[in-house]
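Ready to get your hands on a new protein? Work through the exercises below with the model open beside you, and try each one before you read its solution.

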Amino acid sequence: RFSIPYIDSPRRCRSAMTSISDLPEDVLVELLSLLPARDLLRACRLVCTQWRYVVDLTTLWKRKCQREGFHAHALDRSISDWKTFYMLCSLKRNLIKNPCAEESFRHWKLDNNEGDRWRIEELPGPLGRGMPDPKVHKYFVTSFGLCLKSQLITLKNEGYWNELMDEKRPEIVIRDWYAARFDCGCRYEITVRLLSEDYIVLEEFHPEPVVIEQWSDAMWREISHTFHNYPAGVRYIWFQHGGQDTQFWAGWYGIRVTNSSITIGPWTL
């Protein structure tokens with residue numbers, strides 16, 4: 001319990017309030033909403049029955065959303081669980097590490113590294129074009145042999161607890177960018193799998209490979225996919241992409257990839 005200092009004057013106010021629990025509910029909501037969500041759920045909610053009730057109030061979590069910029073008036077009627085909405089908004093980020101080759105191949109597993117092997121180049125690269133996103137400066141490029149690389153995302157390590165994924169099943173959005181050189185044909189492929197605790201494939205995104213002919217426009221293109229209403233039990237996300245050139249030229253004439261992302265959003269709540 002947190003003591004409230006006595007007011008010296010007038011005298012009758014000294015005994016009107018002796019602890020924070022004596023505050024009106026709306027004031028207590030305002031005070032508790034200033035605390036981090038982790039403290040609210042792991043500490044404050046355990047203090048007493050009253051605090052547990054206040055921490056569970058929709059009003060408190062809606063106020064936190066408003067304060068931190070997660071709130072939009074247009075979404076009011078579609079949000080049924082403001083606590084979960086807040087948690088998902090605060091967790092939302094790109095789960096792919098080193099998506100733009102700024103850390104060489106760190107965090108990536110090179111599943112296939114054939115031909116002259118994977119390489120990193122600066123944008124726009126030989127006979128290439130710049131990315132639409134000016135913050136992206138590098139890309140990964142493949143060779144004449146098959147080049148594939150992957151990451152395995154452990155959702156629990158990223159803050160997404162099992163009950164959240166099983167009960168709310170927030171949408172999982174996959175994005176990737178790819179491009180060819182102007183002077184060489186190439187092939188691009190991507191596979192993304194939602195995996196169970198035992199690495200069983202619960203759902204998969206595996207479109208037909210994209211074949212780009214020689215003398216293309218060399219433009220960067222985005223591919224995206226959204227998983228929703230997937231089975232319960234998702235614990236990992238496995239992301240793999242890559243390809244090769246189709247003319248078997250020595251060097252790095254194959255598909256280029258960068259700016260990959262996996263995000264988990266609250267919009268299906």
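**Exercise 1.** Decide whether H5 is largely enclosed by the rest of the structure or not.

*Solution.* Keep in mind that this is a predicted model.
- Step 1: pick the cut-off; a residue is buried when its relative accessible area is under 20%.
- Step 2: go along H5 and mark who passes: Trp82, Thr84, Phe85, Tyr86, Met87, Leu88, Cys89 and Leu91.
- Step 3: that makes eight of the 10 residues of H5 buried, so the helix is largely enclosed by the rest of the structure.
- Step 4: look at what surrounds them; the buried residues of H5 pack against H2, helix H4 (58-67), H6 and S11.

**Exercise 2.** Find the side chain that reaches a backbone nitrogen at the start of H5.

*Solution.*
- Step 1: go to the start of the helix and pick out Asp81.
- Step 2: follow its side chain; one of the oxygens comes to within 3.2 Å of the backbone nitrogen of Lys83.

**Exercise 3.** Work out where the largest pocket lies and what lines it.

*Solution.*
- Step 1: get a feel for the space, which is about 440 Å³.
- Step 2: find the centre of the pocket; of its 16 lining residues, Leu41, Met87, Leu91, Gly159 and Trp161 lie nearest to that point.
- Step 3: check the helices; H2 (37-42), H5 (82-91) and H6 (162-168) each give the lining at least two residues. H5 has the largest share, with six residues.
- Step 4: sort the lining by type, and you get seven nonpolar, three polar and six charged residues.
- Step 5: turn to the domains. Domain 1 (20-91) and domain 2 (109-265) both contribute to the lining, so the pocket lies between them.

**Exercise 4.** Describe the surroundings of Thr258: is this residue buried or exposed, and what does its side chain reach?

*Solution.*
- Step 1: locate Thr258 in strand S11, which covers residues 256-264.
- Step 2: check its relative accessible area; the value is 0%, so Thr258 is buried.
- Step 3: trace the side chain of Thr258 to the backbone oxygen of Lys138, 2.8 Å away.
- Step 4: list contacts beyond four places in sequence; among them are Pro99, Cys100, Met131, Tyr139, Asp176, Trp177 and Trp220.

**Exercise 5.** Zoom out: how many helices and strands are there, and what percentage of residues count as buried?

*Solution.*
- Step 1: count the elements, and you reach six helices and 11 strands.
- Step 2: apply the burial cut-off to the 269 residues of the protein; 44% count as buried.
- Step 3: take contacts between residues at least 6 apart in sequence; 74% of these join residues at least 24 apart.

Terms used. Residues numbered from 1 in each chain as written. Predicted model: local features only at pLDDT ≥ 70, side-chain atom pairs only at ≥ 80, totals over all residues. Heavy atoms only, no water. Helix = DSSP H or I, 4+ residues; strand = E, 2+ residues; numbered from the N terminus. Buried < 20%, exposed > 50% of the residue type's maximum accessible area, 1.4 Å probe, protein only. Polar contact = N/O pair within 3.5 Å; in protein donor to acceptor, adjacent residues only side chain to side chain. Contact = heavy atoms within 4.5 Å. 1 Å grid on protein atoms, 1.4 Å probe; cavity = no way out; pocket = protein on both sides within 12 Å on 5 of 7 lines; lining within 4 Å. Points joined across faces, edges and corners; volume = space filled by probe spheres on them. Nonpolar A, V, L, I, M, F, W, Y, C, P; charged D, E, K, R; others polar. Domains from an automatic or database assignment.
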